[in-house]
Amino acid sequence: KQHKFWETQPVGQYKDAGDSTLPEGPIEPPTPLSEVKQEPYNLPAAYEWTTCDMDSEETCDEVYLLLKNNYVEDDENMFRFNYSKEFLTWALCVPGYYKSWHIGVRAKGSKKLVAFITGIPARIRVNDNVVKMAEINFLCVHKKLRSKRLAPVMIKEVTRRVHLENIWQAAYTAGVVLPTPVATCQYWHRSLNPKKLIDVGFSRLGARMTMSRTIKLYKLPESTVTSGFRRMELRDVPAVTRLLRNYLGQFVVAPDFDENDVEHWLLPHEDVVDSYLVESPENHEITDFCSFYTLPSSILGNQSYSTLKAAYSYYNVATKTPLTQLMNDALIVAKQKDFDVFNALDVMHNEGFLKDLKFGPGDGQLHYYLYNYRIRNAMKPSELGLVLL
Ligand SMILES: COc1cccc(CC(=N)NC(=O)c2cccnc2OC2CCNCC2)c1
């Protein structure tokens with residue numbers, strides 16, 4: 001039963017593990033567009049496909065509520081991601097996006113939205129090859145429709161619609177192990193509001209630790225320490241693009257951002273994404289950059305709190321300021337903005353600051369996958385330069 005579906009897909013298969021004679025690159029060649037299935041896959045009779053227009057307030061609301069009530073929970077089912085409507089519009093209406101890749105499933109009678117899956121176009125470099133890919137995300141099936149085997153048909157349908165746009169590769173992440181991860185990352189958390197985190201059960205009071213001692217342990221300065229540290233502005237896009245492209249060039253897998261991408265993904269957008277940079281006071285050169293995105297979680301079954309305000313480390317570049325000092329300034333502004341916790345994966349150079357800045361290891365892993373693209377060896381997290389939302 002294990003992975004009956006994934007064994008039919010062009011992804012690294014367990015039986016090929018360790019066979020380093022297999023070449024790096026696409027597993028299957030593109031299909032002539034005329035041979036791509038023209039009509040949607042069949043759903044169970046009671047359901048129908050729908051395209052979700054995220055520009056429509058009403059549809060965006062439906063998507064928001066479906067995810068708020070049915071999307072990913074932590075291993076102990078204490079928290080559930082609660083992506084905001086603003087965030088979802090930002091994450092899905094990206095430069096060059098296809099509305100047809102924002103796919104919903106409705107119950108025919110009630111017209112209720114019961115499932116969702118999305119793709120967005122991205123240029124991803126793998127070693128020396130820039131590949132047009134779809135980034136797949138937000139796969140969600142209503143809790144009441146689980147184990148109806150809807151996920152495989154939704155994955156096939158988004159794949160079909162991506163193929164229709166002549167794109168043959170994809171990237172996605174999951175908390176579960178599927179055939180076959182290209183990288184397996186550990187996530188880490190830095191307490192900003194330890195009292196709330198302990199009250200809601202996200203963190204536990206350390207052995208031989210009092211609450212006041214714990215609050216003191218995680219206390220941060222009121223203001224940032226790096227001179228020239230300021231929010232990113234539109235005029236900074238060219239310099240930040242140069243800085244980011246140079247930095248990301250060292251990783252095996254990373255986005256191939258241009259100025260248009262940087263403007264969309266990294267310009268500050270309230271309650272969605274925050275980005276800061278260091279402008280040298282002497283020559284006004286931009287030498288460093290840090291960013292984090294806003295992803296709150298609903299707190300399931302707590303009397304005093306309903307929402308965990310979490311910041312997620314996004315892209316960070318340090319060329320003059322020590323990365324640890326730069327990230328400490330990111331923690332300081334996140335605390336100023338009333339975040340409860342700052343999360344990070346051990347990707348890129350993050351491992352270098354996690355322990356020093358008092359991050360604790362999370363209780364799970366995030367696995368990265370490529371669809372129809374083989375890489376000879378799985379990456380260490382430090383070789384991965386891609387952060388998905
Ligand atoms: C605290 O509330 C949670 C609500 C749901 C799940 C989890 C645990 C979890 N699965 N965390 C992550 O996947 C994670 C931890 C650190 C950084 N990025 C992450 O995931 C991102 C990237 C993948 N898509 C979801 C958001 C926590």
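Student: In which strand is Phe138 found?
Tutor: This is a predicted model: local features need pLDDT of at least 70, side-chain atom pairs count only at pLDDT 80 or more, and totals for chains, interfaces and linings use all residues. Residues are numbered from 1 along each chain as its sequence is written; side-chain values use heavy atoms, without hydrogens and water. Strands (E, at least two residues) and helices (H or I, at least four) are DSSP runs, numbered from the N terminus. Phe138 is found in residues 129-141, which form strand E5.

Student: Is Phe138 buried or exposed?
Tutor: Buried means under 20% relative accessible area, exposed over 50%, and partly exposed in between (1.4 Å probe, protein chains only). The relative accessible area of Phe138 is 1%, so Phe138 is buried.

Student: What is phi of Phe138 near?
Tutor: Phe138 is a residue other than glycine, and its phi is positive. The value is near 60°.

Student: What is phi of His3 near?
Tutor: His3 lies in the segment before E1. His3 counts as buried because its relative accessibility is 18%. Phi of His3 is positive, in a residue other than glycine, and is near 55°.

Student: Why does Gln9 count as buried?
Tutor: Gln9 has its place in the segment before strand E1 (47-51). Gln9 counts as buried because its relative accessibility is 11%.

Student: With the side chain of which tyrosine does Gln9 make a polar contact?
Tutor: A polar contact is a pair of N or O atoms within 3.5 Å; within protein, one must be able to donate a hydrogen and the other to accept it, and residues adjacent in sequence count only if both atoms are side-chain atoms. One such contact, of 3.0 Å, joins the side chains of Gln9 and Thr8. Another, at 3.0 Å, links the side chain of Gln9 to that of Tyr371.

Student: How many residues surround the ligand?
Tutor: A residue is near a molecule if one of its heavy atoms lies within 4 Å of it. The closest to the ligand are Phe79, Tyr83, Tyr187, Ser297 and Leu389. The residues around the ligand number 18.

Student: How far from an oxygen atom of the ligand does a polar side-chain atom of Ser297 lie?
Tutor: Leu389 offers a polar backbone atom, 3.1 Å from a nitrogen atom of the ligand. Ser297 offers a polar side-chain atom, and its distance to a ligand oxygen atom is 2.8 Å.

Student: Which strand gives the most to the lining of the second largest pocket?
Tutor: Helix H2 (85-92), strand E4 (113-126), E5 and helix H7 (259-266) each supply at least two lining residues. With seven residues, the top contributor is E4.

Student: Which residues lie nearest the centre of the second largest pocket?
Tutor: The lining holds 31 residues. Those nearest the centre are Val94, Ile120, Pro121, Ala122 and Trp265.

Student: How far apart in space are Cys93 and Asp55?
Tutor: Cys93 lies in the loop between H2 and strand E3 (102-107). Cys93 is buried because its relative accessible area is 17%. Cys93 and Asp55 are 38 residues apart in sequence, while their C-alpha to C-alpha distance is 8.2 Å.

Student: How far apart in space are His142 and Leu113?
Tutor: His142 lies in the loop between E5 and helix H3 (150-163). At 13% relative accessibility, His142 counts as buried. In sequence, His142 and Leu113 are 29 residues apart; in space, C-alpha to C-alpha, the separation is 8.6 Å.

Note on methods
On a 1 Å grid over the protein atoms alone, a cavity is a set of points where a 1.4 Å probe fits but cannot get out, and a pocket is an open set with protein on both sides within 12 Å along at least five of seven lines; lining residues have an atom within 4 Å of a point.
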